[in-house]
Amino acid sequence: MSPHRKIRCLSYGLGAIGRALALRALESPWIEWTGAVDIDPAKAGQDAGQVLGLKSSLGIPVSDDPEGTLSKVRPEVVLHTTSSFYEEVRPQVLAAVEAGCRIVSSAEELSFLPLQHPDEARRLDELAKERGVAVMGTGVNPGFVMDRLVLDLARNCLEIGNIQAERVADLASRREPLQRKMGVSSKDFQKELASPRFGHVGLRESVALIAHGLGWKLDVVEEEKKAILAERDLSTGSLEVGRGEVAGVEQRGKGFLSGEVVIDLLLQMRIGALDPHDAIVVEGAPSVRMQIPGGIRGDEATIAILLRAVQDILSEPPGLRTATGLGAFDEIPPVPRRSG
């Protein structure tokens, strides 16, 4: 890509992450931000500058007509931030692919679509190849800290026995919608737990991304969720949590080979976490250990990763891609397993 050529981008979705991403895209010297699509009646038809909280207008109205806008604007890359779940984003993604646009999406299920939607993944891969465009789901998690970074460390190993990653995050300073999504102050945790929208989405995809990058064919991918109870009274400023009430959620994703856990990912997101961190252990030959004190802040890192993916996706081959540099259906020789 010429260092002087700007990449034409369209924002699809102006929620909290979408707005922050659009503002950064507007400031970027290598992005030509061409507008936004959002079906929210409170945003559609409004000047994009107003929706983004700018002091001046941009002269670009937010559109609620995706197909018409894609056809008119013809962006090279769509910055997609609407939902975690493929069943909801399917028509949005397909419309962009049909219009010949590359897609960088924060949709967690799209980070490794074959795991939960294998038939849909195959159809999307074939359509993207027909249209000559790449589609990628990415972000900080999934997309980096519990999968891509793990694989980068694992490249140091001739053999691998098992992989463990741990992410502990303090929700005290995070957005209230995220706090509530993670169960903070929940009065009916078990009922909320039954909803696929509850808790972090994408932990299973991270397990599958690691296995895919190692060439391992997992037998089973499992996930567990449970409440983390407050040991003392806590406050986030907007939410109050008493001792013994729900302060957050713990999730564990596991990948099995021949009945053995070979990938074990632990995520704790709560208010009052005393030691926030990201940690990775790859047991192998040689073994590798890494810890990031304080951990990587999710929102800021996700925006940075999505922005940089705009450049990356221009050189990606057409099809359904992953943040690890592989196509979703690429086959690679498996990394040898270490016994004992």
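This briefing describes a buried glutamine, a nonpolar surface patch and several salt bridges. The structure is a predicted model. In total, 23 salt bridges are present, and the pairs discussed here include Lys129 with Asp125, Glu130 with Arg131 and Glu300 with Arg297. Gln179 is buried, whereas Leu26, Leu54 and Leu58 form a nonpolar patch on the surface.

**Gln179 and its surroundings**

- Gln179 lies in helix 7, which spans residues 176–181.
- With a relative accessible area of 1%, Gln179 is classed as buried, because that value falls under the 20% limit for the class.
- The backbone oxygen of Ala172 is reached by the side chain of Gln179 at 3.5 Å.
- When neighbours within four places in sequence are set aside, the residues in contact with Gln179 are Leu171, Ala172, Arg174, Val184, Thr236, Ser238 and Leu239. Ala172 therefore appears both in this list of contacts and as the residue whose backbone oxygen the Gln179 side chain reaches.

**Nonpolar surface patch**

- Leu26, Leu54 and Leu58 together expose about 190 Å² of accessible area in a nonpolar surface patch.
- Leu26, one of these residues, is located in helix 1 (residues 16–27).
- The relative accessible area of Leu26 is 31%, so Leu26 counts as partly exposed. This value also satisfies the patch criterion, because patch residues must have over 30% relative accessible area.

**Salt bridges in helix 5**

- Lys129 and Asp125 are joined by a side-chain salt bridge with an N to O distance of 3.0 Å.
- These two residues, Lys129 and Asp125, are four residues apart in helix 5 (residues 118–131), so about one helical turn separates them.
- The two partners differ in exposure: Lys129 is partly exposed at 48% relative accessibility, whereas Asp125 is buried at 4%.
- A further salt bridge links Glu130 and Arg131, with the closest N and O atoms 3.8 Å apart.
- Glu130 is exposed, with a relative accessible area of 60%, while Arg131 is partly exposed at 35%.

**Glu300–Arg297 pair and a salt-bridge network**

- The side chains of Glu300 and Arg297 form a salt bridge at 3.2 Å, N to O.
- Both partners are partly exposed, Glu300 with a relative accessible area of 45% and Arg297 with 40%.
- Elsewhere, Arg90, Glu120 and Arg123 are connected into one network by salt bridges that share partners.

Conventions: Residues are numbered from 1 along each chain as its sequence is written. This is a predicted model: local features need pLDDT of at least 70, side-chain atom pairs count only at pLDDT 80 or more; totals for chains, interfaces and linings use all residues. Side-chain values use heavy atoms; hydrogens and water are left out. Buried means under 20% relative accessible area, exposed over 50%, partly exposed in between (1.4 Å probe, protein chains only). A polar contact is a pair of N or O atoms within 3.5 Å; within protein, one must be able to donate a hydrogen and the other to accept it, and residues adjacent in sequence count only if both atoms are side-chain atoms. Contact means heavy atoms within 4.5 Å. Patches are made of residues with over 30% relative accessible area and no salt bridge: like charges are joined within 9 Å, nonpolar side chains (Val, Leu, Ile, Met, Phe, Trp, Tyr) within 5 Å. Accessible areas come from the Shrake-Rupley method with a 1.4 Å probe; for residues, only the protein chains shown count as cover. A salt bridge is a side-chain nitrogen of Lys or Arg within 4 Å of a carboxyl oxygen of Asp or Glu.
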